[in-house]
Amino acid sequence: MKKLSIFPYLALPQWCINLCGVTGVALFLAGVICFFAYNWADMGKIIKLGLPLLGMVGMAFVCYCKGTDSDIGKACSVSCGVFLGVFWAVYGQIYQTGAFVYEFFLGWAVCLLPLACLAGNRWLWLLWAGLLNGYFLSSQNGYHPNMLFWQIFLLNTTCFIFAERVYYQKKQGSSFSFFFLIPALLACMIRGFDGKYFWLSVCIILLFAVYAYAKKRGAGQLGLCALAIDCLLIDLIFSHLFELFIWSSISISLFIFVVSAWAVYMLSGRGACHD
């Protein structure tokens, strides 16, 4: 049987298909939220609360019918989690509960946890981790900076470990752990800019780098670790030498970037040869 189309068939890579799916879900949810915002004044309380609940039930039903392992089921489970947050936001706005932002994040995360456990969707777990990060960052008033650092670091490091474990068990989502590695390294960098915790931050980042090299995780994780250490070293150089030796500081910084990039290239290439 002849093909009806004269154009050659082009098979899209899997990452492109996933990107299109994620973009479609994000645009759909953005459209729902914009619909609420535009028609807010003309809606009654029942409609305001009923539409997010209807969205939750509808997405949960489709997820149940299609299965949590299907692409449609995964998209619907994430949509259900987003509708859950929309419902609590609408509830707080209607009844003026006076809740702070960090209380909203915490309540959303607590209610999302059973859904994430039931669906087993990694994107739901990413949303849950993002809500907890938002809770810690928005409730920092009265917190010691050291306490905030350990909260952000331990949360994202724990999620990173679980993401890596799932990758080695199921051999999928090789880059998903980047969502947790980046905030963990950022927490180390920000804390390391304080001179008292410089070496502690460098040692922690080096542990991530050793893991990435030992497990042959490629140039991505090694490059992030190298970039974090570069930023710490350059901040140290500029804080001590910039006013006296401007061009020397710039030259040393460029040299550090070049050497670290070469080291990442060599180490990642060596790991690939070992495979």
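Two residues are in contact when heavy atoms of each lie within 4.5 Å. In this predicted model, residues 24 or more positions apart account for 60% of the contacts with a separation of 6 or more. The chain holds 10 helices and zero strands. Read along the sequence, its pattern is α-α-α-α-α-α-α-α-α-α. Of the 275 residues, 35% are buried. The exposed area of the chain is about 17,500 Å². Carbon and sulfur atoms supply 72% of that area.

Two helix pairs that share H5 were examined. The first pair joins H4, residues 101–119, to H5, residues 122–138. Their axes come within 8 Å and cross at roughly 160°. Angles over 145 degrees count as roughly antiparallel, so H4 is roughly antiparallel to H5. The crossing of the two helices is left-handed. On the H4 side, the contact is made by Val-101, Tyr-102, Phe-105, Leu-106, Trp-108, Ala-109, Leu-112, Leu-113, Leu-115, Ala-116, Cys-117 and Ala-119. On the H5 side, the partners are Leu-124, Trp-125, Leu-127, Trp-128, Leu-131, Leu-132, Gly-134, Tyr-135 and Ser-138. By class, the contact of H4 with H5 has 19 nonpolar residues, two polar residues and no charged ones. Gly counts as polar in this scheme.

The second pair joins H3 to H5. Here the axes are 8 Å apart and the packing angle is about 25°. Angles under 35 degrees count as roughly parallel, and H3 and H5 are therefore roughly parallel to each other. H3 passes H5 in a right-handed crossing. Ser-77, Val-78, Gly-81 and Val-82 of H3 make the contact with Trp-123, Leu-124 and Leu-127 of H5. These residues divide into five nonpolar, two polar and no charged. Leu-124 and Leu-127 of H5 appear in the contact with H3. Both residues are also listed in the contact of H5 with H4.

Individual positions add local detail. Ser-79 is found in helix H3, residues 71–95. Is this serine buried or exposed? Its relative accessible area is 3%. Buried means under 20%, so Ser-79 is buried. With neighbours within four places in sequence left aside, Ser-79 is in contact with Val-25, Leu-29 and Met-59.

Leu-254 lies in helix H10, residues 246–274. The relative accessible area of Leu-254 is 53%. Exposed means over 50%, so Leu-254 is exposed. The C-alpha atoms of Leu-254 and Ile-234 are separated by 9.2 Å. Along the chain, these two residues are 20 residues apart.

Lys-216 is found in a loop. The loop runs between helix H8, 198–214, and helix H9, 219–241. Phi of Lys-216 is near 55°. This is a positive value in a residue other than glycine. The relative accessible area of Lys-216 is 37%. That value falls between the cut-offs of 20% and 50%, so Lys-216 is partly exposed.

Notes:
Residues are numbered from 1 along each chain as its sequence is written. This is a predicted model: local features need pLDDT of at least 70, side-chain atom pairs count only at pLDDT 80 or more; totals for chains, interfaces and linings use all residues. Side-chain values use heavy atoms; hydrogens and water are left out. Helices (H or I, at least four residues) and strands (E, at least two) are DSSP runs, numbered from the N terminus. Buried means under 20% relative accessible area, exposed over 50%, partly exposed in between (1.4 Å probe, protein chains only). Accessible areas come from the Shrake-Rupley method with a 1.4 Å probe; for residues, only the protein chains shown count as cover. Axes are lines fitted to C-alpha atoms, for helices over the stretch in contact, and angles run from 0 to 180 degrees between N-to-C directions. Angles under 35 degrees count as roughly parallel, over 145 as roughly antiparallel, 65 to 115 as roughly perpendicular and the rest as oblique. A crossing is left-handed if the near helix is turned anticlockwise from the far one by less than a right angle, and right-handed if clockwise.
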